[in-house]
Amino acid sequence: MNKRRVYVAGHLGMVGRALCRQLALDADVELISAPRTELDLTDQRAVHAFFQQHRIDELYLAAAKVGGIYANNTFPAEFIYQNMMIQSNLIHAAHLADVQKVLFLGSSCIYPKFAPQPISEKALLTGPLEPTNEAYAIAKIAGIKLCESYNRQYGRDYRSAMPTNLYGPYDNFHPKNSHVIPALIRKFHRAIQNNEPHVDIWGSGKARREFMHVDDLAAACLYLMAIPQTQYWRKLDPMCSHINLGTGTDCSIRELAELLQAISGFRGELAFDCSQPEGTPVKRLDISSLSELGWQASTSLSNGLQNVWQWAVKNGELLI
């Protein structure tokens, strides 16, 4: 019996690694991957050649240029160009190679800045985006519409999932380009190491966010891809076909910082810098579609943060 040949694009990123860990547990799956040194996903000819050389049955599109508020706001041209090139090359190459099943992973930042909470999939394209990550969001919206267009025109089974804020092992701990959880972990670790009296936190601490452990995300992705095509598309609108992936709960940035303070053992103060941007005031996803399909997250925020703190400290080179 032939194994399913599954290509995970972005296999060395946090999400890609989690997908590979889950897929590796399936004896009927043969994993395919290629590092950046071997395959430049922004190179159309190289991507097309890769698909022609490998018999791929499924594509998990987790490759992307990602970053936090600072990176998105500082390098918008790189974020929109690279993400649009990566996803366009991969999706079109998959189609030309007759790959019938694709899962495109986006982000909850695709929704309007002041979308009604919790955010339904139908909120897409109903208002202005958050300016600090508009370029990235537009690229991801284009990816959704690209998948929908191939489904409508060619009868493909290209699915799109929009995760909430993610965290976990192999996150990006860069001092400027990281998201809030790895940024705070780095700050708490440094403060403890240097015996600093306080930890600086961007914003007022009032902004609310939903956080999902990356292992839960990977489990959700595999669950969605295993649903038969007729059953899956029976519940979705062909012109609004993406599905939110989240936990259904949120917390304030202050509450998040206090959780990490307790986990890390930091005894100093939390200093909130209101002169710094904090993005959308509230962002929590409506996960009713995901729930109706029979899946829910299993990792609590407290347990998940404990897990990633221990991993980050153990892999101390990420925190230097």
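Let's start at Glu148, which is buried, with a relative accessible area of just 2% (buried means under 20% relative accessible area, exposed over 50%, and partly exposed in between, using a 1.4 Å probe and protein chains only). Keep in mind that this is a predicted model, where local features need pLDDT of at least 70 and side-chain atom pairs count only at pLDDT 80 or more, while totals for chains, interfaces and linings use all residues. Residues are numbered from 1 along each chain as its sequence is written, and side-chain values use heavy atoms, with hydrogens and water left out.

Glu148 has a partner: its side chain meets that of Lys145 in a salt bridge, 3.0 Å from N to O (that is, a side-chain nitrogen of Lys or Arg within 4 Å of a carboxyl oxygen of Asp or Glu). Lys145 itself counts as partly exposed, at 26% relative accessibility. Both residues lie in helix 5, three residues apart, or about one turn of the helix. Helices (H or I, at least four residues) and strands (E, at least two) are DSSP runs, numbered from the N terminus.

Now follow helix 5 along residues 134-154. Its buried residues include Ala135, Ile141 and Cys147, and the buried ones pack against several elements, among them helix 4 (76-96) and strand 5 (157-163). Right after the helix comes Gly155, with a positive phi near 70°.

What about other salt bridges? The structure holds 14. One of them joins Arg159 to Asp157, with the closest N and O atoms 2.9 Å apart, and both of these residues are buried. Elsewhere, Arg208, Asp250, Glu255 and Arg284 are linked in a network of salt bridges.

Methods. Expected span 1.5 Å × (residues − 1). Contact = heavy atoms within 4.5 Å.
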